[in-house]
Amino acid sequence: YVELMLDGSLGEITTRQREALRVVFNKTQTLTRLVSDVISLQKAEMTSLDLGPVSLIDVVDLALRGAEVAAREAGLTLRRDVLPDLAPVLADRARLGQVLDNLIGNALKFTPAGGSIEVRVEDAGEFERVSVTDTGIGIPFDKQQRIFEPFYQIDGSSTRRFGGAGLGLAIVKQIVEAHGGQVGVSSEVGKGSTFFFTIPKYQLGSAPLHTAGQQDRFGDRR
Ligand code: ADP
């Protein structure tokens, strides 16, 4: 209805009313995002993983495609560095997509125009390792562990420039650890950050393909 009012479908509105409605519209979007993040975190705790063999490269490509428009608008270059012939991983495809969307979303948010974001996929023995490197504002060393806590933000002030609720990385950590992988970050203030995670490779017989997830409840592995 706010959108209908804004585009004049419900009758003429004054400039002041339009400005007020824009504020309502923006705040509503912020709230919607917050609710969906909270639900996502809750769901990650409650639900099981739907595990199967997944090509990490496909998931990375999908996430990069989804970020193209935002990157262009922000004046950022997206890069991809993946080895061909990587083995599939044992994962929940949708959850893995969410991990990448969150990490790439943060890289877009915390990197000034002119910078770049690179997603890399590497072989790491029994695991595959994905890293998202940006040339953004960086994270002070003493904050690098706390950012994975729910609601923690380095600049949590009401005047902060960046949107978000501080839940993205908590969701990332929860999903990756539920897969039996690990997350981490290395960063230098003013230079940029690299967030990485590992996911176990799929091995034949390592999980049922169709009933996958039933016995793999989140939390049981922690
Ligand atoms: P949100 O992005 O919603 O604030 P996150 O849990 O995703 O929440 O991130 C927590 C905090 O970690 C951010 O508020 C920011 O201070 C810091 N952060 C995350 N990613 C980056 C990044 N790529 N570069 C710099 N700081 C980051």
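Partly exposed, as used on this tour, means a relative accessible area between the buried limit of under 20% and the exposed limit of over 50%. Keep those limits at hand, and remember as you click that this is a predicted model.

**Stop 1: the whole chain**

Start with a cartoon view of everything. You should find 5 helices and 7 strands, and walking along the sequence gives the pattern α-α-β-α-β-β-α-β-β-α-β-β. Of the 222 residues in the chain, 40% are buried. The structure also holds 10 salt bridges, and some of them come up further on.

**Stop 2: the ligand and its shell**

Now select the ligand and the residues around it. There are 20 of these residues, and Asn 106, Lys 109, Asp 134, Gln 153 and Leu 169 come nearest. Colour the shell by class and you get 10 nonpolar, 7 polar and 3 charged residues. Which elements each supply at least two residues of this shell? They are α4 (93-109), α5 (168-178) and β7 (192-200).

Next, zoom in on the individual contacts. Show the side chain of Asp 134: one of its polar atoms sits 2.8 Å from a nitrogen atom of the ligand. For the next two, switch on the backbone. At Leu 169, a backbone N or O atom is 2.8 Å from an oxygen atom of the ligand. At Ile 154, a polar backbone atom lies 3.2 Å from a ligand oxygen atom. How much of the ligand's area does the protein bury? Taken alone, the ligand exposes 530 Å², and the protein buries 97% of that.

**Stop 3: along helix α5**

Stay with α5 and select Lys 173 and Glu 177. These two form a salt bridge, with the closest N and O atoms 2.9 Å apart. Both lie in helix α5, 4 residues apart, which is about one turn of the helix. Lys 173 counts as partly exposed because its relative accessibility is 30%, and Glu 177 is partly exposed too, at 26%.

Then select Ala 178, also in helix α5. Is Ala 178 buried or exposed? Its relative accessibility is 7%, so Ala 178 counts as buried. Add Leu 49 to the selection and draw a C-alpha to C-alpha distance: the two residues are 129 apart in sequence and 8.0 Å apart in space.

**Stop 4: more salt bridges**

Select Asp 142 and Lys 143. Their salt bridge has its closest N and O atoms 3.9 Å apart. Here the definition from the start comes in: Lys 143 has 24% relative accessibility, so it counts as partly exposed. Asp 142, in contrast, is exposed because its relative accessible area is 58%.

Move on to Arg 146 and Glu 149, whose side chains meet in a salt bridge at 3.2 Å, N to O. Arg 146 is partly exposed at 40%, and so is Glu 149 at 34%.

For a bigger selection, pick Asp 81, Glu 118, Arg 120, Glu 122 and Arg 129 together; salt bridges link them in a network.

**Stop 5: a nonpolar patch**

Finish with a surface view and select Tyr 1, Leu 4, Met 5 and Leu 10. They form a nonpolar patch on the surface, with about 450 Å² of accessible area together. Where in the fold is Leu 10? Look in the loop between α1 (2-6) and α2 (15-46).

How values were computed
Residues numbered from 1 in each chain as written. Predicted model: local features only at pLDDT ≥ 70, side-chain atom pairs only at ≥ 80, totals over all residues. Heavy atoms only, no water. Near = heavy atom within 4 Å. Polar contact = N/O pair within 3.5 Å; in protein donor to acceptor, adjacent residues only side chain to side chain. Areas by Shrake-Rupley, 256 points an atom, 1.4 Å probe, with all protein chains shown as cover. Nonpolar A, V, L, I, M, F, W, Y, C, P; charged D, E, K, R; others polar. Buried < 20%, exposed > 50% of the residue type's maximum accessible area, 1.4 Å probe, protein only. Patch = residues over 30% accessible without salt bridge, like charges linked within 9 Å, V, L, I, M, F, W, Y side chains within 5 Å. Salt bridge = Lys/Arg side-chain N within 4 Å of Asp/Glu carboxyl O.
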